[in-house]
Amino acid sequence: MATETNTARAAASFGSMNGLLTSTWNRLEANGTPFELDPLRAANPFAVSLDLPVDAIGHDQASFDDAWARFEQRARDISAQRVTVRSTDDVDKAPFNEFAAQATDELDVPARNAIPRSATDAALGDEASAFLRARATAHSIVDVAAYHEASAPVVMRIKAQDGAFAVGSLDVYVHEGARLNLVLEADSPSAGTGAVGMAVRIIADAGSRVNIKQLQTLGSTWDYFESIEIKTADSARVDVDQVYLGGKKSFFGFGNALLGHKSTCNIATHYLGAGSSILDFNYLIRQFGKQSTSNLIANGVLIGSSDKVLRGTIDLIHGCKGAVGHELETVLLANKDVRNRTIPIILCDDDDVQGTHGATIGHVPESQRHYLASRGLSDAQIEALFTRSLFEKALIDAFDDESRAAISRLAETSFDYELGDAPDERDEESIQAAIDAKLAAGLAAGAAARSQAQASEGE
């Protein structure tokens, strides 16, 4: 149960967020994460900025809530037909809590679902998501009319404020056949401590297209909470590009209910764990619709003593014949002190479906470290070889100058990287010129090092 000190301060401690639908062994400590937030004052309205084109401004919260409720009811009706993998509140007909208390060995206590197996849970968790919406510094409604493409992207930026909890909230309705580009960013332009949150609900109606671009560039003293919930109808498509580069403790919950026939969700995630940061991901893709498609591709680098868990669940629900779901994560462990947990899950409740999952997890061999060290590189410089590429890619793919400035500022303040101007990703000649320049610089540095070594030998 959430607790709050007063209206000016947001403090919370309750249950679990980022819980799995079907639990793993308790000893992995990955079935869910306790939600705890220290008392923080509410951020002032300047913490959240919104660029909203006039043809996408929504005014009727009740209409959105009614539409959201209809989609959730549809999910409940379909879920009621499922045959397998149901939640239970007891063990051998005894209440779970009593069973756990009487167990003589904690290893005898079975894993239990961290969140109820319903059709309406947000990936972050119902309670945590509702908490973010209730504490929103600013809330807006986006409404894109049927068969209309918004004249400009909708851009929500949240700026961290010292000692405050800054939360941006959006309810987005993209009607039948409509098009929308949505940009979501969280940044900490000034030093301080506190938390940033984001709560977004999206309805992608039949035949609509929604492109979401996300960027998180918080410094190492800020906590981050994110809840994104999506309902996707017939032939609708949602494409998501996520880049997470900073933060102290970051919790990401992404859920998409593919309710419609031939509905699609594609997610590409890039993340960096550095220092003693904690990254806690939970992706939940529920495929209700026939011939629905989902793809979750994650790539990350962990350095320092960072700790990351990524839960990726594709739930192929009874009735989704012809559905296809794929998930894959690639993780580079650039330091032996990091901790990584990758939990790809496919739940299958129907035949005539395809579900694949996998993970590639690798580290930098000691032989390569010794080789690089023999060339004068410190451990920090070796790690920088792998992390800098994430920043440079983010810079190339950034939405605008403000996004690029946030990336460059984090690179400089947290990692002492000085990033140059990113070439236009559409300008192949500029990209090739930048690559050639880096190769030339590397060759010149190598030649200089060899000359110096030969001179030393001559002496």
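Reader: Why are H4 and H5 called roughly perpendicular to each other?

Author: In this predicted model, helix H4 (residues 366-374) packs against H5 at an angle of about 110 degrees. Roughly perpendicular covers 65 to 115 degrees, so H4 and H5 get that label. Their axes are 10 Å apart.

Reader: What is the hand of the crossing where H4 passes H5?

Author: H4 passes H5 in a right-handed crossing.

Reader: Which residues in H4 and H5 meet?

Author: H4 brings Arg369, Leu372 and Ala373, and on the H5 side they meet Asp379, Ile382, Glu383 and Leu385. Sorted by type, the contact of H4 with H5 has four nonpolar residues, three charged ones and no polar ones.

Reader: What makes H5 and H6 roughly antiparallel?

Author: Same routine: H5 and helix H6 (residues 401-415) pack at an angle of about 165 degrees. Anything over 145 counts as roughly antiparallel, so H5 and H6 qualify. The axes of H5 and H6 are 9 Å apart, and their crossing is left-handed.

Reader: Which residues in H5 and H6 meet there?

Author: From H5 you have Phe391, Ala394 and Leu395, and they meet Arg404, Ile407, Ser408, Leu410, Ala411 and Phe415 in H6. The contact of H5 with H6 divides into seven nonpolar residues, one polar and one charged.

Reader: Staying with H5, how do you know that threonine 387 counts as buried?

Author: Threonine 387 lies in H5, which spans residues 379-397. Buried means under 20% relative accessible area, and threonine 387 comes in at 0%, so buried is the word.

Reader: What does the side chain of threonine 387 make a polar contact with?

Author: With the side chain of tyrosine 417, at 2.4 Å. The cut-off for a polar contact is a pair of N or O atoms within 3.5 Å. Leaving aside residues within four places in sequence, the contacts of threonine 387 are Leu272, Val301, Ile303 and Tyr417.

Reader: And why is histidine 270 called buried?

Author: Histidine 270 has a relative accessible area of 17%. The limit for buried is under 20%, so histidine 270 makes the cut. You'll find histidine 270 in strand E15 (residues 264-273).

Reader: What is histidine 270 in contact with, leaving aside its neighbours within four places in sequence?

Author: Gln242, Val243, Tyr244, Asn299, Leu390 and Lys393.

Reader: Over to the loops. What makes phenylalanine 46 exposed?

Author: Its relative accessible area is 74%. Exposed starts at over 50%, so phenylalanine 46 is exposed. Phenylalanine 46 sits in the loop between strand E2 (33-42) and strand E3 (48-51).

Reader: How many residues along the chain lie between phenylalanine 46 and alanine 138, and what separates their C-alpha atoms?

Author: The two are 92 residues apart along the chain, and their C-alpha atoms are separated by 9.1 Å.

Reader: How do you know that serine 220 is exposed?

Author: Serine 220 has a relative accessible area of 53%. With the bar set at over 50%, serine 220 therefore counts as exposed. Its place is the loop between strand E11 (209-217) and strand E12 (222-232).

Reader: Which residues does serine 220 touch, not counting those up to four places away in sequence?

Author: Serine 220 touches Gly247 and Lys248. Threonine 193 is 27 residues away from serine 220 in sequence, with 8.9 Å from C-alpha to C-alpha.

Note on methods. Residues numbered from 1 in each chain as written. Predicted model: local features only at pLDDT ≥ 70, side-chain atom pairs only at ≥ 80, totals over all residues. Heavy atoms only, no water. Helix = DSSP H or I, 4+ residues; strand = E, 2+ residues; numbered from the N terminus. Buried < 20%, exposed > 50% of the residue type's maximum accessible area, 1.4 Å probe, protein only. Contact = heavy atoms within 4.5 Å. Polar contact = N/O pair within 3.5 Å; in protein donor to acceptor, adjacent residues only side chain to side chain. Axes fitted to C-alpha atoms, helices over the stretch in contact; angles between N-to-C directions. Parallel < 35°, antiparallel > 145°, perpendicular 65-115°, else oblique. Left-handed = near helix turned anticlockwise from the far one by under 90°. Nonpolar A, V, L, I, M, F, W, Y, C, P; charged D, E, K, R; others polar.
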